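Trainee: I'm new to this structure and would like a close look at one part of it. Could you pick a spot, walk me through it, and then carry on to the rest?

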Amino acid sequence: MENELKVPTMAELTAAGKQPEVLFWVGCAGSFDDRAKKITKAFVKILNKANISFAVLGTEESCTGDPAKRAGNEFLFQMQAVTNIEVLNAYEVKKIVTACPHCFNTLKNEYPGLGGNYEVVHHTQFLKHLLESGKISMEGGQFRGKRITFHDPCYLGRANNVYEAPRDLIRKLDAELVEMKSCKSRGLCCGAGGAQMFKEPEKGDKDINVKRTEQAMEIKPDIIAAGCPFCNTMMTDGVKSKEKEASIAVLDIAELIAQVEDL
Amino acid sequence: MEYIPNLIFAILLVAGIAFFTQNVRKLIRNIKLGKAVDTSDNTSQRWKNMIAIALGQSKMVVRPVAGFLHIVVYMGFIIINIEVLEIILDGLLGTHRLFAFLGGFYSFLIGSFEILALLVIVAVTLFWVRRNVIKLRRFLNPEMAGWPKKDGNLILYIELVLMVLFLTMNAADYTLQQMEVAPYVKAGAFPVSQFIAPLFQDMSVSTIILWERTAWWLHIVGILFFLNYLYYSKHLHILLAFPNTYFGKVRPKGQFDNLEAVTKEVRLMMDPNADPFAAPDENAPPPEKFGASDVMDLEWVQLLNAYTCTECGRCTSECPANLTGKKLSPRKIMMDTRDRLEEVGKNMDANKGVFVPDGKQLLGDYITHEELWACTSCNACVEACPISIDPLSIIMDMRQYLVMEQSAAPSDLNNMMGNIENNGAPWPFNQMDRLNWSKES
Ligand code: SF4
Ligand code: SF4
């Protein structure tokens, strides 16, 4: 590791009398899942390079409660939410960025009703802003001419109408943005949402991630870009099941950008 | 004697409308069985939704072919109904073509009705072909077997017959006008029916009049029949699409309601000043049931959704679970909800307006656990619905009942929830290790 990640925590900054501009909400997948941790690190590298004043909650962060809520356990969800809101409000957090659309949706839409009011952005929106304000330039050119398709996460796209930020970033890579036949508001789910990630699927004739991978393969991409750690896992598994991992990579938008920024 | 037709007409009209009103009352009563929900927010957005989605059909055209054909039938329906006004007045007053005095404008109206009627006939035929010859997948799901399939075709037949009667009536009328038979004043333009008129050429005047009168009567009786058919049919959407798009969800699709009853309990649990051993308040209302196991547990907007569903299957054809062979079909969720609500309504009719428990409920008797657990909460169904129906909200309410009232989640999910409860993550990792990633290379 040439340069170590700088990951300040809210506790440290507060002790030093400082307040970061933005809180990076890492999420459970981003903290614990091996694949998702790479996304987390890629995003932090970009934040470090762009000199963004940010912090994480670290051990004070806890599950937003999204999987509990979608599984029907409103009780557990609200316990999690109220606990998290206490922590966030104690640190007077104003703005949150997260790389997980499920955390994004829950923090943005479901926390306000329980007393947690923050400006919440998805990391693709945040990165687009960094690009526009000149804090990153994305000039590496490693992806020039590559066929990249974006798989819309349900909780980013349909749930919150964010379709363009990730696409604008892909275009900026000088890559050829190719769209699957069902995309944007009609994008097919990867199969992980609604707490499906944590259980076996019901009986059927196919797994949803395989179906989605087939849709992606129809347009022969070099890279399937994702904006969600769960989609990422699902699509990676789908590509493996088709034995295409040598020719199709599944990468988060943050990873693509970290690469062109030479990080 | 000369007023007998007027009288018969008036009786038919009153009976038709009275029967319809009675069913509308039932409809409203049934919808009101749902729980109250505040819909006073976002008024201007709601009006906009209704105008764009119901009146403007904005979501229909996502699928261009069906969307275009639907707009033809919809326009036909709305515009040709102006003619029904004249027919009703003629019937009551014993006049003939009361609006003929409008002259050129009248010709323009009748002319456009005829062209629309022809377009409707073409569209309805194509719809029939899509349902019965091309066999689109979304019309073949298991929930469409039996009445729903018949209903879909019946609507097309009725529409076809009404249009043919309208044109026949005009063709006969046109012929009589040419022959200058009283009271068939020269009025209107007949761009379509003039081509049917030659069929009447060799008939006697009285036979043509008989044709004209028969078509006229059958047409209006048919319309009254159709009006009363609505309540029993998916065709109810032609009326309910308007309120339904108004009352439909106006928040981001990803935002699910936070249950207030739960908030109260959570606040109490987290309140350090609350006495956990305090005697329960004697007068406190019984604790609210969490989630939904039957139609009365749903909110009234969800019940309105069920009556509005037109069984088009656009939701199901975008549902990832359904597309991969799972039992879940969001359309079936809506159809089941309506069927159960109707069953509850009939039960009330038979028991002087009170529901007598019948040992059945929506959960289990209509919708299985397997269906509910197959949902990924992806909102594809909600996005696809052309009239703002939210099948996902019903699925979620029933999951809440399963989990919070019955502890009946699949065991994997129980493990996941246990992990969140104990260590703040859906997997068995220690919360104290949450930042370890920052030190790993
Ligand atoms: S939200 Fe559930 S029911 Fe609706 S389309 Fe997605 S998986 Fe199917
Ligand atoms: S819920 Fe909407 S999309 Fe689904 S069948 Fe009913 S009307 Fe069609």
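Mentor: Let's start with A:P112, which, setting aside its neighbours within four places in sequence, is in contact with A:L107 and A:N117. Keep in mind as we go that this is a predicted model. You'll find A:P112 in the loop between helix 6 (101-110) and strand 4 (119-122) of chain A. Is A:P112 buried or exposed, or something in between? With a relative accessible area of 29%, A:P112 is partly exposed; the in-between class runs from 20% to 50%. Now look back along the chain to A:I85: A:P112 and A:I85 are 27 residues apart in sequence, and their C-alpha atoms are 9.4 Å apart in space.

Staying in chain A, let's move on to the charged pairs. Side chains of opposite charge can pair when their charged atoms come close. Over all chains, the structure holds 43 salt bridges. Take A:K128 and A:E132 to begin with: they form a salt bridge whose closest N and O atoms are 3.5 Å apart. Both sit in helix 7 (residues 123-132) of chain A, four residues apart, or about one turn of the helix. The two partners differ in class, since A:K128 is partly exposed at 23% relative accessibility, while A:E132 is exposed at 57%. This pair also belongs to something wider, a network of salt bridges that links A:K128, A:E132, A:E164, A:D168, A:R171 and A:K184.

Next, find A:D152 and A:R167, whose side chains meet in a salt bridge at 2.8 Å, N to O. A:D152 lies in the loop between strand 5 (147-150) and helix 8 (164-172) of chain A, and A:R167 lies in helix 8, so this pair ties together parts that are 15 residues apart in sequence. Both A:D152 and A:R167 are buried.

For a chain B example, go to B:D336 and B:K332, where the salt bridge is 2.7 Å, N to O. Here the partners share helix 11 (residues 330-350) of chain B and are four residues apart, about one turn of the helix. B:D336 is buried, with a relative accessible area of 9%. B:K332 counts as buried too, because its 19% relative accessibility falls under the 20% limit.

Now for some backbone oddities. Most residues other than glycine have a negative phi, and most peptide bonds are trans. A:A195 has a positive phi of about 70 degrees although it isn't a glycine. You'll see A:A195 in the loop between strand 6 (176-177) and helix 9 (208-218) of chain A, and it is buried, with a relative accessible area of 3%. A:K220 isn't a glycine either, and it has a positive phi of about 50 degrees. A:K220 is in the loop between helix 9 and strand 7 (223-226) of chain A. What about its accessibility: is A:K220 buried or exposed? A:K220 is exposed, with a relative accessible area of 62%. Over in chain B, the peptide bond from B:A182 to B:P183 is cis, with omega near -5 degrees. B:P183 is in the loop between helix 5 and helix 6 (205-229) of chain B.

While you're in that chain, turn to the surface. B:W128, B:V133, B:I134, B:W147, B:L154 and B:Y157 make a nonpolar surface patch of about 570 Å². Which helix gives the most to this patch? Helix 5 (residues 147-178) of chain B does, with three residues. One of the patch members, B:I134, is in the loop between helix 4 (104-132) and helix 5, and at 54% relative accessibility B:I134 counts as exposed.

Last stop, the ligands. Ligand 1 is surrounded by 13 residues, and the closest are B:C319, B:C375, B:T376, B:C378 and B:C381. The elements that give two or more residues to this shell are helix 14 (380-384) and helix 15 (391-405) of chain B. By class, the shell around ligand 1 has ten nonpolar, three polar and no charged residues. Around ligand 2 there are 13 residues, of which B:C309, B:C312, B:G313, B:C315 and B:C385 come nearest. The shell around ligand 2 has eight nonpolar, two polar and three charged residues.

Terms used:
Residues numbered from 1 in each chain as written. Chains lettered and ligands numbered in written order. Predicted model: local features only at pLDDT ≥ 70, side-chain atom pairs only at ≥ 80, totals over all residues. Heavy atoms only, no water. Near = heavy atom within 4 Å. Nonpolar A, V, L, I, M, F, W, Y, C, P; charged D, E, K, R; others polar. Patch = residues over 30% accessible without salt bridge, like charges linked within 9 Å, V, L, I, M, F, W, Y side chains within 5 Å. Areas by Shrake-Rupley, 256 points an atom, 1.4 Å probe, with all protein chains shown as cover. Salt bridge = Lys/Arg side-chain N within 4 Å of Asp/Glu carboxyl O. Buried < 20%, exposed > 50% of the residue type's maximum accessible area, 1.4 Å probe, protein only. Contact = heavy atoms within 4.5 Å.
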